[in-house]
Structures are given as structure tokens and as C-alpha cells.
Amino acid sequence: QVQLVESGGGLVQPGGSLRLSCAASESIASIYAMAWYRQAPGKQRELVAALTKGGSTNYADSVKARFTISRDNAKNTLYLQMNSLKPEDTAVYYCNTLSYSGNVVTPSDYWGQGTQVTVSS
């Protein structure tokens, strides 16, 4: 079971940038895919960005051209670079591993504490 710890969140002004990190307890190089999710108060958790071990990416329409997902296998770390932040990006951000079978993408049942991102003037 891979343990994941998110960090890098904080309070930023609209238009600002943050880079989130997700540190894994073991190698992530062989994991099929990893992803970032977010959950705002009163909202369902949503997929923000995903990255397969082969390098394919997928982004929610709301963050395309502003967010970039990447990984450093040597450091067992997943990243989310967030630029041009908007108030609607405010949420708790989580990382997780993804499974893919039967054309269905499913995150692990294990969720960490996440990291809070607040975008406000």
C-alpha cells in the first residue's frame, strides 16, 4: 500500500501560483497512473489532473492551460503546478493512485489529509 502525503498549499492572491507536492512512501514509477483531486466545501470531490506512467495527461476543463501535472520518479514525488489561480480553485487538494480496467478509472480507497489551497484577495 503506497502512502501519500500532500504539501505545498496555502493562501494566494488571484492570478498567483502554487506548486503542490505529493510524496510517496515507495516507488511510483510502475504505478499505472496518478492523479490530483480537489474538494470544495459542499461540493463533490472532482478529478483535476491525471498522469499515466507512460506520460499521458488529462485535465479538467476548468484548469486546462493553467495547471500542469508532473512527476519525479527519482524522488517518488508527484507535482501539480498551478498558475493564474482563481477564487474558484479554492479547495482541499488530494493526490491518489488510479486503477484502470473495463474503461473505468478508479482511485484507491485510501485518502490522505490533503492540502488546503485558498485563493483570495
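This talk goes through the disulfide, the nonpolar cores, the largest pocket and the largest cavity of one predicted model.

I will start with the disulfide. The count here is 1. The bond joins cysteine 22 and cysteine 95, with their sulfur atoms 1.9 Å apart. Where do the two cysteines lie along the chain? Cysteine 22 is in strand β3, residues 18–24, and cysteine 95 is in strand β9, residues 91–101, so the bond ties together parts that are 73 residues apart in sequence. As for handedness, the torsion about the S-S bond is about 65°, so this disulfide is right-handed. Are the two cysteines buried or exposed? Both cysteine 22 and cysteine 95 are buried.

Next, the nonpolar cores. The largest one has 28 residues. Which of its residues have the most contacts inside it? They are Trp36, Leu80, Met82 and Tyr93. Several strands supply at least two residues each to this core: β3, β4 (33–39), β5, β7 (67–72), β8 (77–82), β9 and β11 (115–119). Strand β3, which also holds cysteine 22, gives the most to this core, with 4 residues.

Let me take methionine 82 from that group. Setting aside neighbours within four places in sequence, methionine 82 is in contact with Gly16, Ser17, Leu18, Leu20, Arg66, Phe67, Tyr93 and Val117. Tyr93 is on that list, and Tyr93 is also one of the residues with the most contacts inside the core.

There is also a second, separate core, this one of 5 residues. Among them are Ala33, Tyr37, Ala50 and Leu98. Please keep Ala33, Ala50 and Leu98 in mind, as these names return with the pocket.

On to the largest pocket. Its volume is about 180 Å³. The lining consists of Tyr32, Ala33, Leu47, Ala50, Leu51, Thr52, Ser56, Thr57, Asn58, Leu98, Tyr100 and Val105. Which strand supplies the largest share? That is β5, with 4 residues. At least two lining residues come from each of β5 (46–52), β6 (57–59) and β9. By class, 8 of the lining residues are nonpolar and 4 are polar, while no charged residue takes part.

Now the cavity. Counting those of 30 Å³ or more, there is 1 cavity. How much space lies in it? About 40 Å³. The residues lining this cavity are Ile28, Ala29, Ile31, Ala33, Met34, Leu51, Thr52, Lys53 and Arg71. Strands β4 and β5 each supply at least two of them. The lining divides into 6 nonpolar, 1 polar and 2 charged residues. Ala33, Leu51 and Thr52 line the cavity, and these residues appear in the lining of the largest pocket as well.

One residue of the cavity lining to finish with is lysine 53. Lysine 53 sits in the loop between β5 and β6. Why does lysine 53 count as partly exposed? Its relative accessibility is 47%, and partly exposed covers the range between 20% and 50%. Leaving out neighbours within four places in sequence, lysine 53 is in contact with Ala29, Ser30, Ile31, Tyr32 and Arg71. Of these, Ala29, Ile31 and Arg71 also line the cavity. Methionine 34, another residue of the cavity lining, is 19 residues from lysine 53 along the chain, and their C-alpha atoms are separated by 8.0 Å.

Notes: Residues numbered from 1 in each chain as written. Predicted model: local features only at pLDDT ≥ 70, side-chain atom pairs only at ≥ 80, totals over all residues. Heavy atoms only, no water. Disulfide = S-S within 2.5 Å. Buried < 20%, exposed > 50% of the residue type's maximum accessible area, 1.4 Å probe, protein only. 1 Å grid on protein atoms, 1.4 Å probe; cavity = no way out; pocket = protein on both sides within 12 Å on 5 of 7 lines; lining within 4 Å. Points joined across faces, edges and corners; volume = space filled by probe spheres on them. Nonpolar A, V, L, I, M, F, W, Y, C, P; charged D, E, K, R; others polar. Core = buried A, V, L, I, M, F, W, Y, C linked by side-chain atoms within 4.5 Å. Contact = heavy atoms within 4.5 Å.
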